[in-house]
Amino acid sequence: MLSEKELRRYDRQVMMFGKEAQEKLKKAKVAIVGLGGLGSPISIYLTAAGIGQLFLIDEQKPELSNLNRQILYGEEDLDKKAKPVLAKEKLRQLNSEIKVRTYSKRIYRENIEDLLNEVDAVVDALDNFETRYLLNEFCVKKRKPLIHAAVEGFYGQITTILPGRTPCLNCLFPNPPKKKKFPIIGVTTGLLGVLQANEVIKLITGYGDNLMGKLFTYDLLHNKAECIDVKPNPSCPVCSGTFRLRRQ
Amino acid sequence: MKIKIKFVSFLRELSGVDKAELCLPQDATIKDAMEKVVYDFPKLKKWLPQHIWMFINGNYVKSQTQLKDNDEIALFPPVGGG
């Protein structure tokens with residue numbers, strides 16, 4: 001049930017999708033894995049929108065070279081606390097009504113179930129495919145929605161994965177990009193992170209269309225957006241079983 | 001047969017075009033198409049085919065995939081940052 005204060009706070013979005021949808025946001029538990037360039041805007045906009053519980057996961061502390069894009073942090077935060085702890089402090093200033101759970105640790109096969117078992121949706125804000133594949137496997141196994149984005153330079157891609165209905169990350173990108181220090185600017189992570197938050201809000205409220213089975217790419221340098229329909233790989237070693245199960 | 005190529009992001013910059021059309025023999029594969037792309041757009045040599053993501057009609061494809069007339073191969077840069 002929404003309080004009088006909450007109804008006033010979220011008035012402008014309740015005008016669009018109604019009280020019931022706002023209550024769904026309040027009840028939702030969403031994990032943001034990675035609190036860097038993508039994780040910063042995702043967490044800020046989900047906090048502002050009134051997501052009930054955020055699970056923030058990252059093992060790193062902010063460094064000077066992060067500050068061109070990781071807008072949750074400032075100069076006073078460098079090399080002090082882990083990102084989830086700092087993020088919680090900032091997000092609580094924005095909205096004291098939401099619950100924030102912090103996990104200042106890296107996700108491994110051994111701890112992923114403990115960290116993510118109770119969430120309703122997982123947002124991939126990682127900077128490496130090794131952990132992305134792990135997240136994908138877990139989400140497919142547990143049938144949890146996974147909102148993927150990845151960026152480099154002025155370019156980014158986003159898709160929403162619903163296990164059993166859409167291609168998984170392994171169907172789409174079975175070969176990871178080369179590991180390297182990648183160029184990036186804050187406007188790219190800002191835009192793609194906001195789009196990920198938008199996907200979470202639409203997914204939970206049921207309002208609007210999601211990027212399920214669609215790979216959306218943005219080239220901010222040349223103002224080009226592309227959207228292609230993508231299909232599951234029938235022999236995907238990660239998710240093909242979920243489709244067989246649906247057909248039975 | 002005729003094959004269309006669609007370049008995304010910096011692949012578009014390197015090739016200088018959004019799209020291209022190739023004429024290939026009937027039994028051509030993705031590998032053959034990529035060799036022709038590199039011949040026509042030498043600046044892409046460093047990237048093709050191993051350092052890009054390729055899709056035909058929404059399906060991820062590998063070098064040995066057989067092509068059909070009028071297929072459109074979309075070439076995406078592999079990105080992993082966050």
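Is Cys168(A) buried or exposed, and what is its relative accessibility? I began my notebook with this residue, keeping in mind that the model is predicted. I found that Cys168(A) has 0% relative accessibility and therefore counts as buried.

**Entry on the cysteines.** I next looked for disulfides, and a search of the whole structure returned zero of them over all chains. To understand this for Cys168(A), I looked up its closest cysteine sulfur, which belongs to Cys239(A) and lies 3.7 Å away, too far for a bond, because a disulfide needs two cysteine sulfur atoms within 2.5 Å. I then turned to Cys171(A), whose closest cysteine sulfur is also in Cys239(A), at 3.4 Å, and this too is too far for a bond. Cys171(A) counts as buried as well, with 3% relative accessibility.

**Entry on the sheet of chain B.** I traced an open sheet of five strands in chain B, and I noted its order as β2-β1-β5-β3-β4, with mixed pairing. In chain B, β2 (19-23) and β4 (59-60) stand at the edges with a single partner strand each, so one side of each has no neighbour in the sheet. I reminded myself that strands of a sheet pair through backbone hydrogen bonds, either parallel or antiparallel.

**Entry on one strand pair.** I followed β3 (residues 53-56) and β5 (residues 72-76) of chain B, which run antiparallel and are joined by four bridges. Within β3 and β5, I saw that Phe55(B) stands opposite Ala74(B), the latter being in β5(B).

**Entry on a helix.** Last, I looked at helix α2 (residues 30-40) of chain B, which lies across β1 (2-7), β2, β3 and β5 of that chain and runs at about 115 degrees to β2(B).

Definitions and conventions:
Residues numbered from 1 in each chain as written. Chains lettered and ligands numbered in written order. Predicted model: local features only at pLDDT ≥ 70, side-chain atom pairs only at ≥ 80, totals over all residues. Heavy atoms only, no water. Pairing = 2+ DSSP bridges. Helix = DSSP H or I, 4+ residues; strand = E, 2+ residues; numbered from the N terminus. Contact = heavy atoms within 4.5 Å. Axes fitted to C-alpha atoms, helices over the stretch in contact; angles between N-to-C directions. Buried < 20%, exposed > 50% of the residue type's maximum accessible area, 1.4 Å probe, protein only.
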